[in-house]
Amino acid sequence: MAERLKEIKAKTAVAKLNDVPTSPRKMRLLADNIRGKEVNQALDILKFTKRGATKDLEKVLRSALANWESKNQDKAQELENGNVYIKTLMVDEGKTIKRIRPCPQGRAGRIRKRSNHITIILDVKAVKEA
């Protein structure tokens, strides 16, 4: 079983980006649009989406794609056929920087500057042969 897991891990591509200075909720809204899609289609969606967080998500997706290409050099045709897809896309909460802002009547209001961690795992679709 351990050998099988090593073989699977050798073929799967993972990319992570930690401490992205965007709130996790805003990033998850984008991640839901491309989760489970084919890689080229996901890149097109990110290209034409007008949100600030698209730049960071595209950066991680391109990194995962480069990792997949380096691990699977013999399967370069799969990418052109559109069989490489986003298997897992997780957006987790990162550090929260706390700041204080003056409020009326001498009070202090808290500002929470949130960040997130993005993890992308790519895989190849299983081709059904008749």
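A polar contact is a pair of N or O atoms within 3.5 Å; within protein, one must be able to donate a hydrogen and the other to accept it, and residues adjacent in sequence count only if both atoms are side-chain atoms. One such pair lies at the start of helix 3, where a side-chain oxygen of E38 comes to within 3.1 Å of the backbone nitrogen of N40. This is a predicted model, in which local features need pLDDT of at least 70, side-chain atom pairs count only at pLDDT 80 or more, and totals for chains, interfaces and linings use all residues. Residues are numbered from 1 along each chain as its sequence is written, and side-chain values use heavy atoms, with hydrogens and water left out.

**Helix 3**
- V39, A42, L43 and L46 are the buried residues (under 20% relative accessible area, 1.4 Å probe, protein chains only) of helix 3, which spans residues 39-47.
- These residues lie on the same side of helix 3, because they cover an arc of only 100 degrees around the axis.
- They pack against helix 2 (24-34), helix 4 (54-71), strand 2 (84-102) and strand 3 (108-124).

**Helix 3 and helix 4**
- The two axes are 10 Å apart, and helix 3 packs on helix 4 at an angle of about 160 degrees.
- Helix 3 and helix 4 are therefore roughly antiparallel (angles over 145 degrees).
- V39, A42, L43 and L46 of helix 3 meet T54, L57, E58, L61, R62 and L65 of helix 4.

**T22**
- T22 sits in the loop between strand 1 (13-20) and helix 2.
- T22 counts as buried, because its relative accessibility is 15%.
- Apart from neighbours within four places in sequence, T22 is in contact (heavy atoms within 4.5 Å) with M27, A53, D56, R114, S115 and N116.

Conventions. Buried means under 20% relative accessible area, exposed over 50%, partly exposed in between (1.4 Å probe, protein chains only). Helices (H or I, at least four residues) and strands (E, at least two) are DSSP runs, numbered from the N terminus. The arc is that of the directions from the helix axis to the C-beta atoms. Axes are lines fitted to C-alpha atoms, for helices over the stretch in contact, and angles run from 0 to 180 degrees between N-to-C directions. Angles under 35 degrees count as roughly parallel, over 145 as roughly antiparallel, 65 to 115 as roughly perpendicular and the rest as oblique.
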